[in-house]
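Reader: I would like to learn how to read a model of this kind, one feature at a time. Could we take the general idea of each feature before the particular case?

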Amino acid sequence: MTLIIIAAIALCHSSMAQELKLWTKKPKKEFEVLNNNYKIYFSTEEVIQTIYLVDKQTKQKHSKLTAAIRDKKVTSIDLNSEDPEMQPFIYLLKSNLGAYLLLQGHAYILFNKKSVVPTLNAEASPPIHEEDGNSRTPIYFAAKGSKEPAFLGDIDQRLLTYFQSLKK
């Protein structure tokens, strides 16, 4: 957890990309995320735990999504899907969940179905301030030497504040 705190703080206060080391083996119980030429595999357990964390810090409720994952009704998501039933989960993945797990390096990624991506560069943009007083930081994740993003997401300032409180 300390690593995520340091990476998130450094990333958000720097315009330079941070290099993140990823898993070299696919998790046994995986949750698959498709994004153009990339397949991103997260641990199903970590996805569920992270949803609970996001809900706690942002005062949201994603219990239906958590149940669907736990009951294996949803095992894969295409981030480019236009399926209305998948939109809440796609939004959650792009906003907080995916960025949180990737900043920890807790992902196994394949490019073009065969090439393992051992590291990602993560580059934060300046925070976006919402009308409700909250803010979020957009983060661009790309494989080293690639201009094609593996993942585009953001992380809520409340989660970053929570990470900072763990450090104290």
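Reader: Which residue just after H3 takes a positive phi?

Author: That residue is Lys72, with a positive phi of about 60°; please keep in mind throughout that this is a predicted model. A second case sits in the hairpin of E9 and E10, where 5 residues lie between the strands and Gly145 takes a positive phi near 80°.

Reader: Staying with H3, which of its residues are buried, and why do they line one face of the helix?

Author: The idea is to list the buried positions and then to look down the helix axis. In H3, which covers residues 63-70, the buried residues are Leu65, Thr66, Ala68 and Ile69. Viewed along the axis of H3, these buried residues fall within an arc of 160°, and therefore they line one face of the helix. The face turned away from that buried side carries Ser63 and Lys64, which are exposed.

Reader: What do the buried residues of H3 pack against?

Author: They pack against strand E2 (30-35) and against two helices, H2 (44-58) and H4 (87-94).

Reader: E2 brings us to the sheet, so in what order do its strands run, and which strands stand at the edges?

Author: One reads a sheet by following the pairing from strand to strand. Here 5 strands form an open sheet in the order E4-E2-E3-E5-E6, with mixed pairing. Strand E4 (76-78) and strand E6 (115-117) stand at the edges with a single partner strand each, so one side of each has no neighbour in the sheet. On average, and ignoring direction, neighbouring strands of this sheet are turned by 25° against each other. Within the sheet, E2 and E4 pair in the parallel sense over 3 bridges, and Glu32 has Ser76 of E4 as its bridge partner. H2 packs on the sheet, where it touches E2 and strand E3 (38-43), and the direction of H2 makes about 75° with that of E3.

Reader: Is Thr50 of H2 buried or exposed, and which residues does Thr50 touch?

Author: A relative accessible area under 20% counts as buried. Thr50, which lies in helix H2, has a relative accessible area of 4% and is buried. Leaving aside residues up to four places away in sequence, Thr50 touches Leu97, Tyr100 and Leu101.

Reader: How do H4 and H5 cross, and which residues make the contact?

Author: For a pair of helices, one looks at the approach of the axes, then the angle, then the side chains. The axes of H4 and helix H5 (residues 97-104) come within 4 Å and cross at roughly 40°, which makes H4 oblique to H5. The contact is made by Phe89, Leu92 and Leu93 from H4, together with Leu97, Gly98 and Ala99 from H5. Sorted by type, the residues of this contact are 5 nonpolar, 1 polar and no charged.

Reader: Why is strand E10 described as largely enclosed, and how is E9 joined to E10?

Author: For enclosure, one counts the buried residues along the strand. In E10 (residues 149-156), 6 of the 8 residues are buried, so the strand is largely enclosed by the rest of the structure. Strand E9 (residues 135-143) and E10 run antiparallel and are joined by 7 bridges, with Asp154 in E10 as the bridge partner of Pro138.

Reader: How many helices and strands does the protein have, and what share of its residues count as buried?

Author: The secondary structure comes to 6 helices and 10 strands, and of the 168 residues of the protein, 46% count as buried.

Key. Residues numbered from 1 in each chain as written. Predicted model: local features only at pLDDT ≥ 70, side-chain atom pairs only at ≥ 80, totals over all residues. Heavy atoms only, no water. Buried < 20%, exposed > 50% of the residue type's maximum accessible area, 1.4 Å probe, protein only. Arc of directions from axis to C-beta. Contact = heavy atoms within 4.5 Å. Pairing = 2+ DSSP bridges. Axes fitted to C-alpha atoms, helices over the stretch in contact; angles between N-to-C directions. Parallel < 35°, antiparallel > 145°, perpendicular 65-115°, else oblique. Nonpolar A, V, L, I, M, F, W, Y, C, P; charged D, E, K, R; others polar.
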